[in-house]
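Reader: Hi, I'm new to this one. Can you put it up so we can talk it through?

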Amino acid sequence: MSNRPSWDNYFVKLAWLVAERSTCVRHHVGAVIVKDKRILTTGYNGAATSVKDCLEMGCLRNELKIPSGQRHEICRAIHAEQNAIIQGGYNGINIKDATLYCTHSPCVLCAKMIVNTGIKRVVADIEYSDNTFKALFLEANIKFFTLHLENLIIAQVT
């Protein structure tokens, strides 16, 4: 019997590794865009390139006591899914028909971007309480799954 993870588990675990680069003080989120079992781009949530992030400045959303999932425009961070999509455009990588793996399910803003990129499948580990993206994905025929990984331990080869 093999300890090898499924492809979905493997890429979600990689999304968690990418999330370690996050500069958000609330949630560390990572995303990996994959096509034909090949990694195309990655992204994590953090401030735009060359500007101060929340680790340096503090979190305005925390200071204003804004609940998670609300008032995204106040946050300095770009979401992990957005950063992964942006990297595709920046580097000229075609992400159409790919799968996006993410530590968390997308907000509705990210879901709109995912629809317009032509991504066909989204796999997340954790599902946020705001699931407004689901109706959009259903209408756009994007498959969505959550894994709920029990542990993220790297299996040792024996």
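Reader: Is cysteine 102 buried or exposed?
Author: Cysteine 102 is buried, at a relative accessible area of 1%. Buried means under 20% relative accessible area, exposed over 50%, and partly exposed in between, with a 1.4 Å probe and protein chains only. Keep in mind that this is a predicted model, where local features need pLDDT of at least 70, side-chain atom pairs count only at pLDDT 80 or more, and totals for chains, interfaces and linings use all residues. Residues are numbered from 1 along each chain as its sequence is written, and side-chain values use heavy atoms, with hydrogens and water left out.

Reader: How many disulfides are there?
Author: The count comes to zero disulfides, a disulfide being a pair of cysteine sulfur atoms within 2.5 Å. For cysteine 102, the nearest cysteine sulfur belongs to cysteine 110 and is 7.8 Å away.

Reader: And why no bond for cysteine 107?
Author: Its closest cysteine sulfur, in cysteine 110, is 3.7 Å from the sulfur of cysteine 107, so that is too far for a bond. Cysteine 107 also counts as buried, at 11% relative accessibility.

Reader: OK, new topic. Where does histidine 104 sit?
Author: Histidine 104 is in strand E5. Helices (H or I, at least four residues) and strands (E, at least two) are DSSP runs, numbered from the N terminus. Histidine 104 is buried, with a relative accessible area of 7%.

Reader: What does histidine 104 touch?
Author: Leaving aside neighbours within four places in sequence, histidine 104 is in contact with residues including Trp16, His28, Glu81 and Tyr128. Contact means heavy atoms within 4.5 Å.

Reader: Glu81 is on that list, so which residues of H4 are buried?
Author: In helix H4 (residues 80-90), the buried ones are Ala80, Glu81, Gln82, Asn83, Ala84, Ile85 and Gly88. What covers them includes strand E1 (30-35), strand E2 (38-44), strand E5 (99-104) and helix H5 (108-117). Just after H4, glycine 92 has a positive phi of about 65 degrees.

Reader: What about a nonpolar core, how many residues in the largest?
Author: The largest nonpolar core has 19 residues, and those with the most contacts inside it are Ile33, Leu100, Ile114, Ile119, Val122 and Phe137. Such a core is a set of buried Ala, Val, Leu, Ile, Met, Phe, Trp, Tyr and Cys residues joined through side-chain atoms within 4.5 Å.

Reader: Which element gives the largest share?
Author: H4 does, with three residues. A second, separate core of nine residues includes Phe11, Ala15, Val18 and Leu149.

Reader: Last thing, how many aromatic pairs are there?
Author: A search of the whole structure finds seven. Rings of Phe, Tyr and Trp (its six-membered ring) pair if their centres lie within 6.5 Å; planes under 30 degrees apart count as stacked, over 60 as edge-to-face and the rest as tilted. Tyrosine 10 and phenylalanine 11 are edge-to-face because their ring centres are 4.9 Å apart and their planes are at 65 degrees. Phenylalanine 11 and tyrosine 101 form a tilted pair, 5.2 Å centre to centre with 35 degrees between the planes.

Reader: Where in the chain are the partners of that tilted pair?
Author: Phenylalanine 11 is in helix H1 (residues 7-19) and tyrosine 101 in strand E5, 90 residues apart, so the pair links distant parts of the chain. Both phenylalanine 11 and tyrosine 101 are buried. Trp7, Tyr10, Phe11 and Tyr101 form one aromatic cluster.
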